[in-house]
Amino acid sequence: MSNGIKFQDKDYGMHNNLFTEEHMLADGKYGLDVGGPGVGMLRSAAKFMMKATEMRLEKEISGEGDLLQYGSTLGDPAYRINLAKFLSEQFDDIVDSKSLMTTTGATAGLSLLASTFFNVEDYIFIEDPTYFHVNKLVAVDLGLKAVPIPIVEDGLDLEMLEEELERRKPVDFQPTTERPFWALVYVVSVYQNPTGLCYSKEKCEKLVNLAREYNLLVVSDDVYNLLCLEKDGDAFKRAPPRLYQYDVKSDNDYFGNIVSNGSFSKILGPGLRLGWIEAPKVVLSKLMVDGVLLGGGSMNHFTSGIVGSSLNTDLFSAFLLMVRTTLKRKLNAVLDVLQKHCPKSVKYSVPKGGYFIWIELPSYVDVHELSEFCQKIHNVSILEGKRCSVAGNCQSFLRICFAYYSVQENCIAVKKLLGAMESRLKRAANINGALQ
Ligand SMILES: Cc1ncc(COP(=O)(O)O)c(C=O)c1O
C-alpha cells in the first residue's frame with residue numbers, strides 16, 4: 001500500500017506562475033495554458049469596478065467609515081447578505097448569508113480550510129486530474145499526504161475512493177469540535193478543471209453519503225458554476241447544482257461535511273482576490289476564530305464592500321451576461337476550428353461551461369515533446385496533462401483555455417497547435433513504420 005504521495009518543491013520548479021511577462025506578453029506568443037479572463041473582459045471589469053467603487057464610496061464619505069475600518073471575521077455583513085441573495089437566484093437554491101464567509105479567492109479559501117482542520121501528514125483525497133496548483137498547495141506547502149482518485153466520466157471514481165478510505169481510516173475516529181474530520185477530499189464538481197465535466201447527481205449524493213459515513217471534509221472549488229455556457233433559446237441555462245446543495249440539513253445523519261469554495265476571479269478578475277466560503281456551522285465556527293481574522297478582521301474587506309454593494313444591481317447582471325456571451329463566442333470559435341481541423345485520432349471535450357478544453361492524443365505521441373515543439377516552432381504553449389495529475393498520470397492529455405484570447409487570436413493559436421499535432425502524429429507514424 002502506498003502511503004500517499006509527498007511532493008518536493010523541485011517537482012514544481014517550472015512554470016510556477018503562468019502570468020509572467022516572459023510567458024504572456026511577448027509578441028506573437030500564445031499561452032493557451034493560461035487560465036484567466038481575457039483583456040476585453042478585464043477592461044469591462046475595470047469600468048464596472050469604477051462605477052461600483054464610486055457608488056459605494058459616495059456612501060462612505062458621509063457614513064461611519066465602515067469600509068475602511070477593520071471588518072468582522074466572517075466579512076462585511078452587506079457583502080454576505082447581497083451575495084446570499086445573488087447566489088440564491090443564480091443557483092435557484094436558498095443560500096443563507098450566515099453560512100457565508102469572505103475570502104481572498106478560492107486558493108486562499110482552500111488553504112485556510114486545509115490548515116485549520118488538518119495537520120501535516122493528514123490525508124487529502126484528490127481528483128486525478130485536477131486543478132494543478134492545488135497539488136503544490138496541499139502536498140508541498142501544507143505537507144498533506146495526497147491520495148489521487150481517478151476522475152471517470154461523471155466525477156470521482158467513488159468505488160476507488162471508498163477502497164482507499166477503508167484502507168486508511170483511523171481506528172475509532174470520533175469527531176470532536178476540535179477535530180471534526182480526519183481527511184480532506186478536494187473536488188471541482190462543476191465544469192471541472194481541466195476536464196470540463198460536471199459530477200452527476202448520483203455521484204454528488206453518494207459523495208455526500210461517504211463524507212458523512214467516513215467523517216470527511218469535502219471542499220468543492222465552485223469557481224466556474226456561474227459560467228454555464230449552454231443556452232435554452234436565447235437565455236443561458238443554469239449550471240448543475242453545486243455539491244453543497246446535496247448536503248441536506250433535514251437529513252437524519254446531517255453533520256455538515258461539504259464546503260462550497262467560490263470566487264469572483266473567473267468572472268470579474270483574479271486581481272480583485274475576492275471570493276467566499278459557503279460552509280456549515282461546524283466549519284464556520286472554527287474558521288471564525290482563526291487568529292489572523294480575529295486580529296486583522298475580514299479578508300479583503302474593502303473590495304468585498306465595493307463588489308457586494310453592486311451584486312444585485314442591473315450593472316452586475318449586465319456584466320455577468322456579457323462575460324458569458326463572450327466566453328460562449330470564444331468557445332464556439334475554438335470548437336469550430338477543432339471540428340474542422342482536428343486530426344481524427346485526437347479527441348477533445350466539448351464543455352458546457354467554464355474555461356477549458358481537455359484534449360487526448362494517441363498514446364504513441366509524446367505530449368511533452370509536442371509541448372516543447374509547439375512552443376519553440378509555433379510560439380504556442382499548452383498545459384501538459386501530467387501537470388494536472390498528482391500521480392503524474394494523463395501523459396496523453398493536454399489542456400487549453402479558451403477564455404484568455406480574443407476569438408481571432410484563439411483561432412490562430414489553436415490552428416497552430418493543430419498544425420504541430422499533425423506534424424508530431426506524422427513523425428510518430430514514420431518512427432513506428434520504420435520500427436516495423
Ligand atoms: C478549480 C480552481 N480553483 C481555484 C482557482 C483559483 O481561484 P482564485 O483565483 O479564486 O484563487 C482556479 C483557477 O484556475 C481553479 O481553476
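Which side chain has a polar atom 2.5 Å from an oxygen atom of the ligand? Thr 107 does.

## About the model

This is a predicted model: local features need pLDDT of at least 70, side-chain atom pairs count only at pLDDT 80 or more, and totals for chains, interfaces and linings use all residues. Residues are numbered from 1 along each chain as its sequence is written, and side-chain values use heavy atoms, leaving out hydrogens and water.

## Around the ligand

Let's look at who sits around the ligand. It has 14 residues surrounding it (each with a heavy atom within 4 Å), and the closest are Thr 107, Tyr 224, Ser 263, Ser 265 and Lys 266. Sorted by class, this shell holds 6 nonpolar, 5 polar and 3 charged residues. Here Ala, Val, Leu, Ile, Met, Phe, Trp, Tyr, Cys and Pro count as nonpolar, Asp, Glu, Lys and Arg as charged, and the others, Gly among them, as polar.

Besides Thr 107, a polar side-chain atom of Ser 265 lies 2.6 Å from a ligand oxygen. Ala 106 uses its backbone instead: an N or O atom there is 2.7 Å from an oxygen atom of the ligand. On its own, the ligand has 400 Å² of accessible area (Shrake-Rupley method, 1.4 Å probe), and the protein covers 94% of that.

## A four-stranded sheet

Now for a sheet. Its 4 strands (DSSP E runs of at least two residues, numbered from the N terminus) form an open sheet in the order S12-S13-S16-S15, with antiparallel pairing (at least two DSSP bridges between two strands). At the edges, S12 (347-348) and S15 (383-384) each pair on one side only.

S12 and S13 (residues 356-360) run antiparallel, joined by 2 bridges. Lys 347 stands opposite Glu 360 in S13.

Terms used: Polar contact = N/O pair within 3.5 Å; in protein donor to acceptor, adjacent residues only side chain to side chain.
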